[in-house]
Amino acid sequence: MSIAIRPYHPSDLYSLYQICLKTANSGQDGSHLYRDPELIGAIFAAPYAVAEPDLCLIVTVDEVPSGYILGTRDSAAFATWAELNWFSHLRRRYPLPAEGDHSFDAAAIRSIHEGYSPEPQLASYPAHLHIDLLPAAQGQGWGRRLIEQFLARLRELGVCGVHLGVGKANSGAVQFYSRVGFQRVLEADSWIGYGRLL
Ligand SMILES: CC(C)(COP(=O)(O)OP(=O)(O)OC[C@H]1O[C@@H](n2cnc3c(N)ncnc32)[C@H](O)[C@@H]1OP(=O)(O)O)[C@@H](O)C(=O)NCCC(=O)NCCS
């Protein structure tokens with residue numbers, strides 16, 4: 001088995017949706033949770049690669065895309081970009097669900113209608129990221145390497161800090177972020193905000 005990191009290529013876009021779904025259940029496969037397999041990737045993966053492809057790295061296992069890190073250098077600017085160029089389009093495809101609909105699809109569609117809203121408490125960490133590896137690429141140091149390369153790129157761009165959010169139920173990822181040098185900067189009911197100054 002040969003594992004490597006390479007830059008994102010536009011032909012990877014479909015893989016981003018797949019990997020996002022296959023890690024959407026607190027790090028485990030979320031395929032059974034969603035009727036529409038595109039929804040979760042349309043929020044947490046694809047728009048970043050479309051808007052800022054230079055910040056997306058792909059992990060391949062025997063040349064097959066099997067993980068990624070992606071994000072934005074400026075969360076406020078990205079929220080504005082997504083409003084104009086991404087969510088406005090998707091809202092026509094996904095009308096707001098009924099109030100009594102508590103499905104995972106309905107929650108994702110509500111997020112599409114809300115758009116991104118950067119947390120004011122995280123403003124001193126203007127960049128943010130998402131990282132997801134399929135099981136074949138986990139636990140071998142590739143996550144740490146992705147974080148290091150992503151942070152190096154942000155430093156080249158002159159970015160002063162980066163944050164991310166992780167669900168409290170994803171205990172593996174919570175431990176990972178502490179091990180790779182992030183500090184807890186925000187605690188909400190169901191998720192923790194981590195930050196790192198650069
Ligand atoms: C979380 C994730 C990105 C970590 O990447 P990884 O390649 O598996 O982790 P690494 O092998 O680089 O580990 C780096 C460090 O974190 C620790 N770590 C990683 N995963 C861990 C886990 N599940 N439990 C405890 N520690 C963990 C490692 O022990 C290692 O510590 P050390 O270098 O100090 O010995 C990856 O497992 C993953 O994508 N999981 C599924 C999707 C997910 O949960 N994404 C995050 C959503 S917020």
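This is the transcript of a short talk on one protein structure and the ligand that sits with it.

Good morning. The model I am presenting is a predicted one, and I shall go from the overall fold to the core, then to the ligand, two helices and a few individual residues.

Let us begin with the overall fold. The secondary structure of this protein comes to 7 helices and 7 strands. Read along the sequence, these elements follow the pattern β-α-α-α-β-β-α-α-β-α-β-α-β-β. The radius of gyration is 16 Å, close to the 16 Å that the globule rule gives for 198 residues, so the protein is as compact as a globular protein of that length. Along the principal axes, the C-alpha atoms fill a box of roughly 45 × 40 × 30 Å.

How do parts of the chain that are apart in sequence come together? If we take the contacts between residues at least 6 apart in sequence, 69% of them join residues at least 24 apart.

I turn now to the interior. Of the 198 residues, 35% count as buried. The largest nonpolar core has 48 residues. Which of its members touch the most others? They are Cys 20, Ile 40, Tyr 68, Ile 69, Leu 70 and Leu 129. Let us take Leu 70 as an example. When its neighbours within four places in sequence are left aside, Leu 70 is in contact with Ala 45, Tyr 48, Ala 49, Leu 55, Cys 56, Leu 129 and His 130. Leu 129, then, appears both among the core members with the most contacts and among the contacts of Leu 70.

Next comes the ligand. It is surrounded by 20 residues, and the closest are Gly 27, Leu 133, Gly 143, Arg 144 and Gly 172. The elements that give two or more residues to this shell are strand S4, residues 127-133, helix H6, residues 142-156, and helix H7, residues 171-179. Which element gives the largest share? That is H7, with 5 residues. By class, the shell has 7 nonpolar, 10 polar and 3 charged residues.

One of the closest residues, Arg 144, lies in helix H6. Is Arg 144 buried or exposed? Neither word fits: with 13 C-beta neighbours inside 10 Å, Arg 144 counts as partly exposed. There is also a link to H7 to point out. Arg 144 and Tyr 177 are 33 residues apart along the chain, and their C-alpha atoms are separated by 9.1 Å.

Let us stay with H7. Its buried residues are Ala 173, Phe 176 and Tyr 177. These residues cover an arc of only 95° around the axis, which puts them on the same side of H7. The reasoning behind such a pattern is general. An α-helix has 3.6 residues a turn, so residues three or four places apart point the same way. The buried residues of H7 pack against H6, strand S5 (161-167) and strand S7 (191-197). The face turned away from this buried side carries the exposed residues Ser 171, Gln 175, Ser 178 and Arg 179. After H7 comes Gly 181, whose phi is positive, near 95°.

Helix H5, residues 104-114, may be described in a similar manner. Ala 108, Ile 109 and Ile 112 are buried in H5. Seen down the helix axis, the buried residues of H5 fall within an arc of 100°, so they line one face of the helix. What covers these residues includes helix H2 (39-44) and helix H4 (75-93). Just after H5, Gly 115 takes a positive phi of about 75°.

I close with three residues in loops. Ser 26 is placed in the loop between helix H1 (13-22) and H2. Its phi is near 50°, a positive value in a residue other than glycine. Ser 26 counts as partly exposed, with 14 C-beta neighbours inside 10 Å.

Glu 63 is found in the loop between strand S2 (57-61) and strand S3 (64-72). Although Glu 63 is not a glycine, it has a positive phi of about 75°. Is Glu 63 buried or exposed? With 9 other C-beta atoms within 10 Å, Glu 63 is exposed.

Finally, Asp 54 is in the loop between helix H3 (46-51) and S2. Asp 54 is exposed, having 11 other C-beta atoms within 10 Å. Between Asp 54 and Leu 33 there are 31 Å in space, C-alpha to C-alpha, and the two are 21 residues apart in sequence.

Thank you for your attention.

Conventions:
Residues are numbered from 1 along each chain as its sequence is written. This is a predicted model: local features need pLDDT of at least 70, side-chain atom pairs count only at pLDDT 80 or more; totals for chains, interfaces and linings use all residues. A nonpolar core is a set of buried Ala, Val, Leu, Ile, Met, Phe, Trp, Tyr and Cys residues joined through C-beta atoms within 7 Å. A residue is buried if 20 or more other C-beta atoms lie within 10 Å of its own, exposed if 12 or fewer, and partly exposed in between; C-beta atoms are placed from the backbone. Two residues are in contact if their C-beta atoms, placed from the backbone, lie within 7 Å. A residue is near a molecule or strand if its C-beta atom, placed from the backbone, lies within 6 Å of it. Helices (H or I, at least four residues) and strands (E, at least two) are DSSP runs, numbered from the N terminus. Ala, Val, Leu, Ile, Met, Phe, Trp, Tyr, Cys and Pro count as nonpolar, Asp, Glu, Lys and Arg as charged, and the others, Gly among them, as polar. The radius of gyration is taken over C-alpha atoms; the globule rule is 2.2 Å times the number of residues to the power 0.38. The arc is that of the directions from the helix axis to the C-beta atoms.
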